Amino acid sequence: MGFAALCTNLRPGPFVKLRAPFYETPRMSSDLLQALRAALDARKPLLAELHTQGTDCYRLFHGSQEGAPGLTVDRYGPQLMVQSFHQVLERDSLLALASAVEAFLGEKLLLVYNDRSQGNSRIDRSDPVYQADAAALEDLTGHEWGLNYRVRGRHPGQDPLLFLDLRNARGWVKDNSAGKSVLNLFAYTCGIGLCAAAGGASEVWNLDFAEGNLAVGRENGALNPQLAPMQFIQSDYFPAIRQLAGLPIARRHGQKLPSYPRLQQRQFDLVFLDPPAWAKSAFGTVDLLRDYQSLLKPALLATADGGVLVCNNNLAKVDIEDWREQVLRCASKLGRPVRDCLQLPPAGDFPSSDGRPPLKTLVLQL
Ligand SMILES: C[S@@+](CC[C@H](N)C(=O)[O-])C[C@H]1O[C@@H](n2cnc3c(N)ncnc32)[C@H](O)[C@@H]1O
C-alpha cells in the first residue's frame, strides 16, 4: 500500500472534536502505525548494537521498503527528523509518529519535519508543529562510531548533514586507515575524513567544491578535538583529481576554464570516491549512469600501488553486477588490476527486500 493510501484516513473529520492541547491526542492511520511499529521492532537488535558502538544517528523508518514510500524517519542524536518526499504528512500523523518513536526509544526527541514534496522542499507554515521548536533547530550534536557530528535540522542545503546509509563505509574506513594517507573525494561534511583521522590516518585530505559543506566538515573536526587536524581542499573534482593523477586538464569546447587551486601530482594509500548521481560544472559532468569511468580513472591513478580505492554508486537503477564489472574492467584497462574486491552493504536500518540497496560500495584492493 502506498503512502497516499495510508494517509487517506489521517485527516480528522468535521465530527472530531479536538481537545487542547491537540498534540496529546494524535491520530495516525492504523496501517501507518503498524508499518512503523514493525520497522521499530525489526530494528531492536541493531539499535542495541549501535548504542553500544556510540551511535545515536540511524534510520528508524525507511518508507520505500517498509510500507510508506516517500516517508523517512531518522534519529540524529537528540533530534527526530521526519521527511516526506511525495506528499505532506498531516500534523496528527506527524505527532502520533513522533510519540510512537519516543515511546519505543524511551526518550524525548526534538522533532523536525522537512517536507520535500513541495517546490521549495521546506515546509514553512504558521502551525508550530511544522515550524519546529527553536530548540530543535539549534546546532545539535549526534554520534556515530563514537565520533561527534554536527546536526542541524534546517540549513541552506537540502540533505541532513550526515548520510546515514554510509555508516558501514565510514566504519570500514575507521578500521582501515591506520598510518595511511587518505583522500576523501566529494567529501560533503567530511564524515569519511573524520573516520580516517579517528582510525589513525597519517594524513587526511577532504575535497569538495562547496565551501558550505567543507565548513561543516571543519565544524565536525572541531567537535572532535582529540583527532589530528585534516586538510580541506575547496576545488572542483575534475581539475583536482587530474592534477593529482598527473593528467592534463582539457578545455571544454575551447572555452577558457575558471581558475582552480594548483596541486602537485601525488598518490594516496586510501582513496574514497563518493560522487553525487549527477552534477555539471565548467570542468565536466558527474554522471553515475552513463560515465562512471571519467570519475574512476583519475581516482585509480591517484591511488598508490598496493593501496585501496573505495568507490560508491548510489543510483538505484544501476545494477551492482553491471557496475562492478564496469569498475573492474576500467581498472584492468588502465593497468591497475583489482586484486581483491569487497562489497560493503548499508546496515539493516536501510532494508531492501530484493537485497539491492541503491547505495553500492566497493572496496578495491589495488
Ligand atoms: C552525495 S554528496 C557526497 C557524500 C559524501 N561522500 C559523504 O561522505 O557524506 C556529493 C558532494 O559532491 C559535491 N560535488 C558535486 N559535484 C562536485 C564537483 N564537480 N567537484 C567537487 N565536488 C562536487 C557536493 O558539493 C557534495 O558535497
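I count two strands as paired if DSSP finds at least two bridges between them. My helices (H or I, at least four residues) and strands (E, at least two) are DSSP runs, numbered from the N terminus.

A note on the source: this is a predicted model, where local features need pLDDT of at least 70, side-chain atom pairs count only at pLDDT 80 or more, and totals for chains, interfaces and linings use all residues. Residues are numbered from 1 along each chain as its sequence is written, and side-chain values use heavy atoms, without hydrogens and water.

**Seven-stranded sheet**

I looked up the strand order first and found an open, mixed sheet running β9-β8-β7-β10-β13-β15-β14. Its edges are β9 (231–234) and β14 (340–343), each pairing on one side only. On average, neighbouring strands here are turned by 15 degrees against each other, direction ignored; for angles I use axes fitted to C-alpha atoms (for helices over the stretch in contact), from 0 to 180 degrees between N-to-C directions.

Next I followed β14 to its partner β15 (residues 360–365): four bridges join them, antiparallel. D340 sits opposite Q365 in β15.

Then I checked the helices, taking contact as heavy atoms within 4.5 Å. Helix α13 (residues 320–333) packs on this sheet, touching β13 (303–313), β14 and β15, at about 30 degrees to β15. Helix α11 (residues 237–245) lies across β7 (181–185), β8 (203–208) and β10 (268–273), at about 155 degrees to β7.

**Four-stranded sheet**

I also found an open sheet with mixed pairing in the order β1-β2-β3-β4. Since β1 (57–62) and β4 (110–115) each have a single partner strand, one side of each is left without a neighbour in the sheet. Six bridges pair β3 (residues 79–84) with β4 in the parallel sense, and M81 stands opposite V112 in β4.
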